[in-house]
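Trainee: I would like to learn how to read domains and contact surfaces in a model with more than one chain. Please take me through one.

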Amino acid sequence: MEKTKKSTDSGFGKWLQKCKNHPFSGIVEALVWLSGIVTMAIMIYLVTFIVIRGVPHLKPSLFALTYNSDNVSLMPALVNTLTVTVLSLVIAIPFGVFAAIYLVEYAKKGSRLVRLIRITAETLSGIPSIIYGLFGLLFFSTALHWGLSLLSGCLTLVIMILPLIIRTSEEALLSVPDSYREASFGLGAGKLRTIFKIVLPSAVPGILSGVVLATGRIVGETAALLYTAGTVAKISDLMGSGRTLAVHMYVLSSEGLHMDESYATAVVLLVLVLVLNGLSGLLAKGLTGNKNK
Amino acid sequence: MKGKISELLMKVVFFIAACTSVLAVTLICIFLFANGIPAIAKIGLPDFLFGQKWKPSNNIFGILPFIMGSIYVTAGSIVIGVPLALLLSVFLAFYCPKRLYPVLKTMVNLMAGVPSVVYGFFGLVMIVPLMRQITGKDGSTMLTASILLGVMILPTVTGVTESALRSVPMSYYEGALALGATHERSVFATVFPAAKSGIMAGIVLGIGRSIGETMAVIMVAGNQPWMPQGLLKGVRTMTTNIVMEMGYATDLHREALIATGVVLFVFILIINLCVSALKSKAESE
């Protein structure tokens, strides 16, 4: 009696006891725990594998201003990534946030138009990036004659991240309590003023978390850019073709000639994206934290 | 008066912004279909969809190998990814110790953010050599792609199923427990069936991710343009077919690639419809 009581104190002993009484439940519990462990193992393994192989190859020559087949510099790609990210965000944020404002503050709930907007936004978020790439190639590059250019790539990405920004902004706006709006109206402010002075500032952390998440997607995107922005490895202006970091990564590893540099590039890309995603998570958490106060 | 005008003006601006997503979907449909349908008409719909040979140099364009490739690879990723994702979502919702939860949840979220090229690269340098050792021949196989995709859809499926499990009232679980069921039995026999629609939505969403994934697949699947010949042989999917040949294709070949995109797009639209139908069913339950 004394012994069984002692063994149920620890988690493992408890589990053994359960296996004896309900063998099936015991197995299921073990599987459930295993899934958690396996997931953590995969993620940790993936990151450490790439970091350990890549960091030793992070040489200064990798960050030279121009690319050639000797230094395999990732700098031009990094600069292009920055250009593409900034331009895409500058276009997508106003559209996305304004769309969310319309949906939350103006639209009548359940009207046919609102349903249509929601369905299309949902459709957009389910479309794979290769379809966006194909559309960008057909529309921006061919029909509008912009060719393979950073501009075509940017606008393709704008459409791609739009649903993400709409959804996160919508959630952020919805989480602003109605009493804020009522108080503002009560003080005699108009609707527009209420939105810009009261509602939007309170929703900023939520919107920002969506924007940072969108940045992560832009930085990691390849398939949508391959045939819209092209693969030229130099710092490019808006109308010229240029590869971003993720495209650079793809080209390097498919050539298979510079594996060391591929690892190093993968480290830079991975760290960049993980930091952005982590930042987005923190911002979102800050938002819910404020709400609880 | 001035205030009124700006109020009205901004309302119109907000409205126009809200309509961009409608415009975008319309444009995507118009341009894809307008460029793809003529090619399908020229090749002939049955020949295009059910032709088993893809030989652009001989003007033979049958995409059945790629349709089957996509279906097989997706099915493989579901077989590998979904059981793990379901167990993981149960772990997160019912088992995870409080202190471990934020760590694991963050990790799953970060996993969703890892770019597909990085997954592809990881598959290329890690799973492909491993498969080569096991099979003794080629490492770029259907199985390799399925494993990699299974890992990639894990966070997507887990996110949806976890919130589906959490939305089931606790009274279901407590009721089962009070009747003498074990923790496991309460979760899997009462909460699980109650969250069925939400779980299905997660799985279908995973199917959509898998079938549309391009860059990771292209780096590990071998990409041979033939009918899929088995788990341990190379395979080409619809997505990779577009990326492989778009760079140099001209005329009918190019149009046939766009038509491949159209077929993929139709697949995706059907999957999207299923997801939203399942989601609204889950909400109404």
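Mentor: The turns below deal with the contacts between chains and then with the domains.

Mentor: This is a predicted model, in which local features need pLDDT of at least 70 and side-chain atom pairs count only at pLDDT 80 or more, while totals for chains, interfaces and linings use all residues. Residues are numbered from 1 along each chain as its sequence is written, with chains lettered from A and ligands numbered from 1 in the order in which they are written.

Trainee: How many residues of chain B are in contact with chain A?

Mentor: Two residues are in contact if their C-beta atoms, placed from the backbone, lie within 7 Å. Here 68 residues of chain B are in contact with 68 residues of chain A.

Trainee: Which helix gives the largest share of the side of chain B that touches chain A?

Mentor: Helices are DSSP runs of H or I with at least four residues, numbered from the N terminus. Helix H1 (residues 2–43) of chain B gives that largest share, with 20 residues.

Trainee: Where do the domains of chain A lie?

Mentor: Domain bounds come from an automatic or database domain assignment. Chain A has domain 1 (2–57) and domain 2 (60–292). Their centres, taken over C-alpha atoms, are separated by 37 Å. Seven residues of domain 1 of chain A are in contact with seven residues of domain 2 of chain A.

Trainee: And how is chain B divided?

Mentor: Chain B has domain 1 (2–48) and domain 2 (64–284), with 29 Å between their centres, taken over C-alpha atoms. In chain B, 10 residues of domain 1 are in contact with eight residues of domain 2. H1(B) supplies nine residues, the largest share of the domain 1 side.

Notes:
Helices (H or I, at least four residues) and strands (E, at least two) are DSSP runs, numbered from the N terminus.
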